[in-house]
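User: Could you take a close look at one part of this model for me and then show how that part fits into the whole? I would like the reasoning spelled out as you go.

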Amino acid sequence: MELVLSILVSVFAVSGALCVLISAVSMLHATDALTRINALSPATGLGLPLIVTAAYLYQIYADGFDWVHLIQYAITVMALVIVSSVGSNALARAAYLSGAEADPATDPQDLAR
């Protein structure tokens, strides 16, 4: 059981870190603000919850199961997913309303025509 748990912790932590790394690299290659915000979404919506899951599983391994930690974990993951989508929406709206140049492929006004 310890081996399985340590493998799960490793897989979740490395997967989450890779999501964050890939998002960071794609943000460097993005051409405009809307594309950068879109590249950030996998890091906050998938990468960080995977890292938190790895930390929670390690906590179970180290200290044993506790209902308080399970509730903290569930609230944290829900908050990461909700704040990620709300934050991305707010950033995209602010970038659009500020008049920032948009790539023609992602410009909302060009897509509406």
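Analyst: Happy to! Let's start at Ser88, which is buried because its relative accessible area of 14% is under the 20% cut-off. Please keep in mind throughout that this is a predicted model. Ser88 sits in helix α3, which covers residues 67-97. Leaving aside residues up to four places away in sequence, Ser88 touches Ile37 and Ser41. Helix α2 spans 33-63, so both of these partners, at positions 37 and 41, fall within the α2 run as helices are defined here. Leu34 can be placed relative to Ser88 as well: the two are 54 residues apart in sequence, yet their C-alpha atoms are 9.3 Å apart in space.

Staying in helix α3, we come to Ala74. What is its exposure class? Ala74 is partly exposed, with a relative accessible area of 33%, whereas Ser88 is buried. From Ala74 to Val52 the C-alpha to C-alpha distance is 9.8 Å, with their positions 22 residues apart in sequence.

Next, the loop between α1 and α2, where Thr31 is found. Thr31 is exposed, because its relative accessible area of 57% is over the 50% cut-off. In sequence Thr31 and Pro104 are 73 residues apart, while their C-alpha atoms are 10 Å apart in space.

On the other side of that loop in sequence is helix α1, residues 2-29, which holds Val25. With a relative accessible area of 40%, Val25 is partly exposed. Val25 also belongs to a nonpolar surface patch, together with Val14, Leu18, Leu21 and Ile22. The accessible area of this patch adds up to about 450 Å².

Now let's step back to the whole chain. The protein has 4 helices and 0 strands, and its elements read α-α-α-α from the N terminus on. Its radius of gyration is 18 Å, well over the 13 Å that the globule rule gives for 113 residues, so the protein is more spread out than a compact globule. The C-alpha trace spans about 55 × 25 × 20 Å along its principal axes.

How do burial and contacts look overall? Buried residues make up 21% of the 113 residues, and Ser88 is one of the buried residues. Among contacts with a separation of 6 or more, 72% join residues 24 or more positions apart. The accessible surface comes to about 7,500 Å², and carbon and sulfur atoms account for 72% of that area.

Finally, a word on confidence. The mean pLDDT of the protein is 86, and 93% of its residues reach 70 or more. Helix α1, home of Val25, has the highest confidence, at a mean of 92. Confidence is lowest in helix α4, residues 108-112, where the mean is 59. Where pLDDT is low, the predicted coordinates should not be read in detail.

Notes
Residues are numbered from 1 along each chain as its sequence is written. This is a predicted model: local features need pLDDT of at least 70, side-chain atom pairs count only at pLDDT 80 or more; totals for chains, interfaces and linings use all residues. Side-chain values use heavy atoms; hydrogens and water are left out. Helices (H or I, at least four residues) and strands (E, at least two) are DSSP runs, numbered from the N terminus. The radius of gyration is taken over C-alpha atoms; the globule rule is 2.2 Å times the number of residues to the power 0.38. Buried means under 20% relative accessible area, exposed over 50%, partly exposed in between (1.4 Å probe, protein chains only). Contact means heavy atoms within 4.5 Å. Accessible areas come from the Shrake-Rupley method with a 1.4 Å probe; for residues, only the protein chains shown count as cover. Patches are made of residues with over 30% relative accessible area and no salt bridge: like charges are joined within 9 Å, nonpolar side chains (Val, Leu, Ile, Met, Phe, Trp, Tyr) within 5 Å. A salt bridge is a side-chain nitrogen of Lys or Arg within 4 Å of a carboxyl oxygen of Asp or Glu. pLDDT is the predictor's confidence in each residue, from 0 to 100.
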